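Me: I'm new to this one and would like a close look at a single part of it. Here is what I have in front of me.

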Amino acid sequence: MLLSEQCYKKIDRELAKYPADQRQSAVMASLAHAQVELGWLSPETMKEIADYIGMPAIAVQEVATFYNMYNLKPVGKHKITVCTNLPCALSGGERAAKHLKEKLGIDYRETSGDGEFTLMEGECMGACGDAPVLLVNNHRMCSHMSNDKIDALVEELKK
């Protein structure tokens with residue numbers, strides 16, 4: 001068993017939201033809970049979720065590979081996604097990305113040598129007016145990210 005009892009309790013709460021014949025509707029939330037616990041979704045984890053929900057493993061894998069919020073390989077403790085869609089790119093997204101790359105010593109889709117940071121390029125996060133926008137671990141949106149704010153964020157995450 002790869003997932004903890006606490007994780008299964010969270011999945012059970014998600015499953016309870018749907019009729020018994022529609023358990024597959026909880027797959028996205030189940031994957032998210034597993035990823036929070038393990039940091040990424042291995043094929044074994046996806047199979048375990050599929051078995052628990054009662055759906056084909058390939059169907060779970062299809063969901064996980066379709067959405068970019070799921071990590072299909074190990075990532076750093078802090079995954080920082082930079083919005084590079086056109087509005088953000090034109091409003092400081094490229095500058096923010098360049099600053100992060102220099103500060104962390106990594107490029108997009110790379111993880112720092114200490115395993116602390118992974119840098120990703122992201123599509124629209126729905127906050128164009130707050131550009132440039134960063135997303136930390138798929139849960140925390142950071143807006144209007146100047147170089148100083150980026151430096152403060154990185155220092156905060158290192159603690």
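How much area does the protein expose, and what share of it do carbon and sulfur atoms supply? Then please zoom in on Ser 112: where does it lie, and is it buried or exposed?

Reply: Before anything else, this is a predicted model, where local features need pLDDT of at least 70 and side-chain atom pairs count only at pLDDT 80 or more, while totals for chains, interfaces and linings use all residues. Residues are numbered from 1 along each chain as its sequence is written, and side-chain values use heavy atoms, with hydrogens and water left out.

The protein exposes about 8,800 Å², and carbon and sulfur atoms supply 53% of that. Accessible areas here come from the Shrake-Rupley method with a 1.4 Å probe, and for residues only the protein chains shown count as cover. There are 159 residues, and 42% of them count as buried; buried means under 20% relative accessible area, exposed over 50%, and partly exposed in between, using a 1.4 Å probe and protein chains only.

As for the overall build, there are six helices and five strands. Those are DSSP runs numbered from the N terminus: helices are H or I with at least four residues, strands are E with at least two. From the N terminus on, the order is α-α-α-α-β-α-β-β-β-β-α. The C-alpha trace spans about 50 × 35 × 25 Å along its principal axes.

Now for your serine. Ser 112 sits in the loop between strand S2 (110-111) and strand S3 (117-122). Loop or not, Ser 112 counts as buried, because its relative accessibility is 11%. Setting aside neighbours within four places in sequence, Ser 112 is in contact (heavy atoms within 4.5 Å) with Leu 104, Ile 106 and Phe 117. Its side chain also has a polar atom 3.3 Å from the backbone nitrogen of Glu 116. For a sense of distance, pick Met 55: that residue is 57 places from Ser 112 along the chain, and their C-alpha atoms are separated by 36 Å.

Cys 83 makes a nice comparison, as another buried residue, with a relative accessible area of 2%. The closest cysteine sulfur to its own is in Cys 88, at 3.4 Å, so that is too far for a bond. A disulfide is a pair of cysteine sulfur atoms within 2.5 Å, and a search of the whole structure finds zero of them.

How values were computed:
A polar contact is a pair of N or O atoms within 3.5 Å; within protein, one must be able to donate a hydrogen and the other to accept it, and residues adjacent in sequence count only if both atoms are side-chain atoms.
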